[in-house]
Each structure stands twice: as structure tokens, then as C-alpha cells.
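Reader: I am new to this structure. Please walk me through it with short questions and short answers.

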Amino acid sequence: MIRIYNTLSQRKEEFKPIEPGKVRMYVCGMTVYDYCHLGHARVLVAFDVITRYLRHRGYAVNYVRNITDIDDKILRRAEENGEAFTDLTDRMIRAMHEDEARLGVLPPTKEPRATSYIDEIVAMIHKLIASNHAYAADNGDVYFAVDSFTGYGKLSKKKLEDLVAGARIDVREAKRSPADFALWKAAGEGEVSWPSPWGDGRPGWHIECSAMSTECLGDTFDIHGGGPDLLFPHHENEIAQSECATGHEFARAWMHAGAIRVNKEKMSKSLGNFFTIREILETYPAEVVRYFLVSSHYRSQVDYSEDNLAEAGRTLTKLYNSLRGIVPAKAADVGETEHDRRFMEVMDDDFNTAGAIAVLHAVANDINQHRRDGREQEAKQSAAVLVRLGSILGLLQQDPEAFFQADIGGELSAEDIEQMIQARNDARKARDFAEADRLRDELADKGIILDDSREGTTWRRG
């Protein structure tokens, strides 16, 4: 039995999909005006692991993750750059896919773009107006009437009267209540726009996800997820407009990943304390970054620091060290073990990846013990279990030597290291041991550890 913490009910609930054996999940994706930062990676990796595990447990997962490719921020950035907004969004989407691939994030089943769903957005707004849940203002904007939905606030636990009290209406807005939000924004002269019954304009942010999710997954689906900053108002507004438009429950379970924090503040572009994924990957191997993110429960806050990433590198290295120099047994020859059962037990409990990582280290300890005891076949079987369980978390799928020799843009490239090792070997053959030791020490100072054996010298980044 899988249990999921539902933000809506604020408790763990048994997961029972609407259609047995099938999961329909929607996760709010990126607004593509800039490169993805580590906070985005947190969400991408969290729901990638959730998808992998649900599939491991036998579910057919239809995972939809949208792209917001029209937005005020996008239009402002494109204008600053002097480029068409479509050129900006296409470039950022390519960059996002590159970052995801490096982090081992599998593509979603479908990745709808907001600009491809304008007709569906307009149709949903029309339904809301017809049912008196929305209204067209004199200036061409269309707003959702929040007081028309009695369930408003059920996700965030906010009260409508508290939201209205003290709120201000921008002089450019024509909404009736401060809590109302835009479904359609009228376009100014020369602005990007699409035709609609209310005049040329473009969709508001919240309505995009309602239209895309219902079109791709139906009026009601199993899981809706996203980052912690989307709970209010975005997800609250999605519920209101979707349930008013369809007359059905929107999503059964709501899941929110925890925030990345830097110096006790949430990492975000607005605070200027963010690090892009590609900046971090210039210094740390992608799998180390993924391990760093996976090693904490998806709902917990994660503290970003150089020390914490370095520690993630050290602990992941221990797992790869246990696999070094061993050929895992064939998966078909290794049945379910106690470690498999323990792994599923912790993952069934709201996808507890921290507990799952502990299981991986227990398996690695078994491998090391078997090898010390000379039980090579048992070591190979345990290695197969480690690789199998690691794959569910998107870890330990590299050849160990490739992991240890990963070129991450440091002071020395792999080619530089191989040349220095050859120079050291030449010095040893010439019995110039002082030069050989100097080269070894120089490599060590730059984080390169050499391992000499009868088969030759191998190296790894320490």
C-alpha cells in the first residue's frame, strides 16, 4: 500500500488511483524566460523519482508536465534581449531539456505548451462566464469571481475575508474584488496577442494549467504536483476555476516539493540568491547533484551549501566504490531480497527517498563484507541488487570508472591526468622515484587519487 501526503487534507492517505493500475499526474513545469535553477531541479528530480517508483510498482503513469511559454516575465526578457519571445522560449526549453538529461530526469509522457492551448483556454473562460463564475471587464480583461466559489482557500487554508482585507487593486485593473484574478489579459497596442470573444489578448497564468491538465488528463486526475511556492495562489486558483468550469473534483491528491534554501532563505530568482543548474554542474558531477537532491525527503527543505554538496559527493563515492572492479550478477538471476522489501517499505511511505538511500548503503556494506570474506558470487548478487534499487532513484547506472573519472570542468581534464600518469610511469621505469612522487603529489593536491595495482594505475577524483 502506497501512502501519499496530500496537501489538501494535510495527512498521509492510501493511494487509490481513479483507474486501477493507471496513474494520471500533472506537475506544473517551468516558465521559460531564464535558465533553470537548483530549486527547479528539486521539483524535476522529485517527481522523476515518484514517476520511476510508481512504474516500478507496476502502474502505467501518464505524467504531464507543462511549459509556460507566454507570460509577463517572458515578454519583458525578450524585449530586453531584443528578440522574439518565441526565440527566447525555444532557446530556454532546449537548455531545460539539456539540464534535465544531465540530471537523469526522464522526459514526461507529454509536455504541453500554453501557446498551443489557446483555443482550450478560451473555451474554459467562456464556460466560466456563462456560469457566472467570471466576468468581462470594460477594459477587455476577464476575471474569475473568487466569491462565486465557496471552496476557495481549501488547499492553502486561507480565508477569503483575510485575503480581501487590506488588499489593493492596481489602477490598471478593472476587477470587482481584490481577490479576483485574471483569466484573460487585454493586449495593448503592438503586444503579443490572440483573438478572443473579449478582444485580442493573452491568457492569465492560472488558467493555462487548468486548460492543459483537463485536456490532457480529464476533468479529474490522480495527482497534481509542483513547487512549494505554487500552493498559493496558483494551485488554489487552479482548483477554483477548474471545478467551477467542469463541475467535478479537480485532483485527488496534491503534492508539493520542499524548497531549496540558501542562508535560511528560499532560493529564488526574485531574491537573487539562486544558482542555475548549469553553473552547479560546472563544479559538481550531475549524479552528485541528483544524489544531493534525492537524499532528502521530497517534502523537506534542503539547505544548499558547498559543504553539503561535497558530502553528497563523498557518500555517493562510497556506493560506487563498492561496485568498483565487480561485474554484477544478471538481474534475472537475483530474486527479491530483504533489501528490496525494505526499499519498497520506505518508498511506499510517501516516497521516503532518505530511507531508500539508507537501504542502498546497507547493500553496499553487504558487498564490501562479501568481498572481504572472499564470497565473490554473493558480492556479485548484492551488486545486482544495488544497481537495481539505484535505478529507481536514477542513481548508480554509470560504470564506476566513468563516475570516478568524470570530467567536470576542473583544473585538470581527463586527458591532462592521463598524460601526467604516463609521465609518472615513465619516471618510475627510469627509477626517478623523486619525480614519480612529485607527480603523484601534484595530482593529489588537485584532488586526483591514484590506485596502483598489478594491472596498472587507475585514477579517480577525490
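Reader: In which sense do strand E11 and E13 pair?

Author: A word first: this is a predicted model. Strand E11 covers residues 260-262. Two bridges link E11 to E13, and the sense of that pairing is parallel.

Reader: What is the order of the strands in the open sheet?

Author: The sheet has three strands, and its pairing is mixed. Strand E12 (265-266) and strand E13 (302-303) are the edge strands, since each pairs on one side only. Across the sheet, the order is E12-E11-E13.

Reader: Which residue in E13 stands opposite Arg 261?

Author: E11 runs over residues 260-262 and pairs with E13. Opposite Arg 261, in E13, stands Asp 303.

Reader: How many helices and strands does the chain have, and how many residues?

Author: The C-alpha atoms fill a box of roughly 90 × 50 × 35 Å along the principal axes. Of the contacts with a separation of 6 or more, 74% join residues 24 or more positions apart. Half of the chain, 50%, counts as buried. The tally is 16 helices and 15 strands, in a chain of 462 residues.

Reader: Which helix gives the largest share of the largest nonpolar core?

Author: That core has 128 residues. Among those with the most contacts inside it are Leu 38, Leu 54 and Phe 343. In general, nonpolar side chains of soluble globular proteins tend to be buried together. The largest share, 11 residues, comes from helix H1 (residues 38-56).

Reader: How many residues make up another core, apart from the largest one?

Author: This other core lies apart from the largest one. Its members include Ile 417, Leu 443, Leu 450 and Trp 459. Its residue count is nine.

Reader: Which residues does Leu 54 touch, not counting those up to four places away in sequence?

Author: Leu 54 is one of the residues with the most contacts inside the largest core. Another residue of that group, Phe 351, is also one that Leu 54 touches. The full list is Ile 2, Phe 15, Val 23, Tyr 59, Val 61, Ile 223 and Phe 351.

Reader: Which helix supplies the largest share of the lining of the largest cavity?

Author: The whole structure holds three cavities of 30 Å³ or more. The largest has a volume of about 80 Å³. H1 and helix H9 (286-294) each supply at least two residues of its lining. The largest share, five residues, comes from H1.

Reader: How many nonpolar, polar and charged residues are in that lining?

Author: Among the lining residues are Arg 42, Val 45, Leu 293, Ser 296, Phe 351 and Thr 353. By class, the lining has eight nonpolar, two polar and one charged.

Reader: Is Leu 396 buried or exposed?

Author: Leu 396 sits in the loop between helix H13 (376-392) and helix H14 (400-404). Residues it touches include Glu 287, Leu 316, Leu 323 and Leu 360. Leu 323 is 73 residues away in sequence, yet the C-alpha atoms are 9.0 Å apart. The relative accessible area of Leu 396 is 2%, under the 20% cut-off, so Leu 396 is buried.

Reader: How does Asp 200 count by its relative accessibility?

Author: Asp 200 lies in the loop between strand E7 (181-186) and strand E8 (201-203). Among the residues it touches are Trp 184, Lys 185 and Pro 195. Asp 200 and Trp 184 are 16 residues apart in sequence and 9.4 Å apart, C-alpha to C-alpha. The relative accessibility of Asp 200 is 47%, between the 20% and 50% cut-offs, so Asp 200 counts as partly exposed.

Note on methods. Residues numbered from 1 in each chain as written. Predicted model: local features only at pLDDT ≥ 70, side-chain atom pairs only at ≥ 80, totals over all residues. Heavy atoms only, no water. Pairing = 2+ DSSP bridges. Helix = DSSP H or I, 4+ residues; strand = E, 2+ residues; numbered from the N terminus. Core = buried A, V, L, I, M, F, W, Y, C linked by side-chain atoms within 4.5 Å. Buried < 20%, exposed > 50% of the residue type's maximum accessible area, 1.4 Å probe, protein only. Contact = heavy atoms within 4.5 Å. 1 Å grid on protein atoms, 1.4 Å probe; cavity = no way out; pocket = protein on both sides within 12 Å on 5 of 7 lines; lining within 4 Å. Points joined across faces, edges and corners; volume = space filled by probe spheres on them. Nonpolar A, V, L, I, M, F, W, Y, C, P; charged D, E, K, R; others polar.
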